[in-house]
Amino acid sequence: MPAAVTLSNPEISRHSATVRVTHWLTVISFLALLITGAEIVVSHPRFYWGEVGNVMTRPAFTLPIPASRDTVPTGYHYVMPDQNGWSRYLHFQAAWVAVLTGSVYGIFGLWSGHFWRDLIPARRDWTWHAFWEVIAKYLRRAPLDEAEAGSYNVVQRCAYITVIFVLFPLVIWTGLAMSPAFTSAFPVTVTALGGRQTARTLHFFISIALVLFVVVHVAMVIHAGFRSRMRGMITGRVSEPAHAIASKESA
């Protein structure tokens, strides 16, 4: 039998145990935050700028959905079921799970060199050509090469560091800025944003950006091979692409 013919693809290491555990804890907490956040928005689907916002205040914009409170003018003649109580409680708890999980991941990333090794793009990749090369590969649905099987490309790295170092801290900041207990101790967290209602509006838009990231992330996982990527995030190892093995053995 020729050496190039193999019964199975060899496995390569992809994710450490800390990355896998914090990833799935983040997934669970994010889903809880998304569901409860949607319930909280339904209770008052109007958004404002500044410090004050109520039914007597002109909103910056209004979501075209009915509210769960009959005192909120939405133009609809019925109200949604009010789930504001449990959703706020679970939202708060899930937020702390996300914060603590993110803190563990951040400490691990700095201590182990994970950020510099796996997420920060190399200097040679900070070019439009490098970005377009990856995007063009996605557009023509080209198979993954050997490097992408065990590492992130420049587009993935930029997306991940944007979420980790920009969107995630901002969504925490704007969330805390809506807490009277927290802002009474640290008033600068809300005054720097321009008011509690501004913080709520920004929190909404940042959350939408995170949801869009998740949608694209899942789509890319499916494109790259759902079973292989899920297995990698569960076991930490993925199979090396067959065409990469063939190129090695033919060299």
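Accessible areas in this tour come from the Shrake-Rupley method with a 1.4 Å probe. The structure on display is a predicted model.

**Stop 1: the whole chain**

Begin with the entire protein chain selected. Its accessible surface comes to about 15300 Å², and carbon and sulfur atoms account for 70% of that area. The chain has 251 residues, of which 34% count as buried. Colour the chain by secondary structure, and ten helices and four strands should appear. Followed along the sequence, these elements come in the order β-α-β-β-α-α-α-α-α-α-α-α-β-α. Contacts across the sequence are also worth attention: among those between residues at least 6 apart, 65% join residues at least 24 apart.

**Stop 2: His 15 and its surroundings**

Select His 15, which is found in the loop between strand 1 (11-13) and helix 1. Is this residue buried or exposed? His 15 counts as buried because its relative accessibility is 12%, and the limit for buried is under 20%. Leaving aside residues up to four places away in sequence, His 15 touches Arg 20, Tyr 152, Gly 232, Met 233 and Gly 236. Now add Val 238 to the selection. His 15 and Val 238 are 223 residues apart in sequence, yet their C-alpha atoms are 9.1 Å apart in space.

**Stop 3: a nonpolar patch on the surface**

Next, show the surface and select Leu 31, Leu 34, Ile 35, Trp 86, Tyr 89 and Leu 90. Together these residues make a nonpolar surface patch of about 620 Å². Helix 1 (17-43) and helix 2 (84-112) are the elements that give two or more residues to this patch. Leu 34 is a member of the patch and lies in helix 1. With 40% relative accessibility, Leu 34 counts as partly exposed.

**Stop 4: along helix 2**

Stay with helix 2 and select Ser 103, which is placed in this helix. Ser 103 is partly exposed, its relative accessible area being 36%. Add Thr 22 and compare the two positions: they are 81 residues apart in sequence, and 9.6 Å lies between their C-alpha atoms.

Then move to Gly 106, also in helix 2. Gly 106 has 19% relative accessibility and therefore counts as buried, since the category requires a value under 20%. Its C-alpha atom is separated by 9.5 Å from that of Phe 165, a residue 59 positions apart from Gly 106 along the chain.

**Stop 5: helix 6**

Select residues 154-176, which form helix 6. How does the span of this helix agree with what its 23 residues should give at 1.5 Å a residue? The expected span is 33 Å and the end C-alpha atoms are 32 Å apart, so the two values agree. Helix 6 nevertheless bends by about 40 degrees at Val 163.

Val 163 is also one of the buried residues of helix 6, which include Val 154, Tyr 160, Ile 161, Leu 167 and Val 171. Display the elements around them: the cover over the buried residues includes helix 3 (114-119), helix 4 (128-139) and helix 9.

**Stop 6: helix 9 and its kink**

Select residues 196-235, which make up helix 9. This helix has 40 residues, and a straight helix would reach 58 Å at 1.5 Å a residue, but its end C-alpha atoms are only 43 Å apart. Where should the viewer be centred to see a kink in helix 9? The place is Gly 225, on which a kink of about 110 degrees is centred. Just after the helix comes Gly 236, whose phi is positive, near 90 degrees. Gly 236 is also among the residues that His 15 touches.

**Stop 7: the salt bridges**

How many salt bridges does the model contain? The count comes to two.

For one of them, select Arg 196 and Glu 51, whose side chains meet with an N to O distance of 2.8 Å. This pair links distant parts of the chain, with Arg 196 in helix 9 and Glu 51 in the loop between strand 2 (46-47) and strand 3 (61-62), 145 residues apart. Arg 196 is partly exposed, at 23% relative accessible area, and Glu 51 is partly exposed at 41%.

For the other, select Asp 118 and Arg 117, where the closest N and O atoms are 3.6 Å apart. Asp 118 is partly exposed with a relative accessible area of 23%, and Arg 117 counts as partly exposed at 49%.

Definitions and conventions: Residues numbered from 1 in each chain as written. Predicted model: local features only at pLDDT ≥ 70, side-chain atom pairs only at ≥ 80, totals over all residues. Heavy atoms only, no water. Patch = residues over 30% accessible without salt bridge, like charges linked within 9 Å, V, L, I, M, F, W, Y side chains within 5 Å. Salt bridge = Lys/Arg side-chain N within 4 Å of Asp/Glu carboxyl O. Buried < 20%, exposed > 50% of the residue type's maximum accessible area, 1.4 Å probe, protein only. Contact = heavy atoms within 4.5 Å. Expected span 1.5 Å × (residues − 1). Bend = angle between axes of the 7 residues up to and from the residue.
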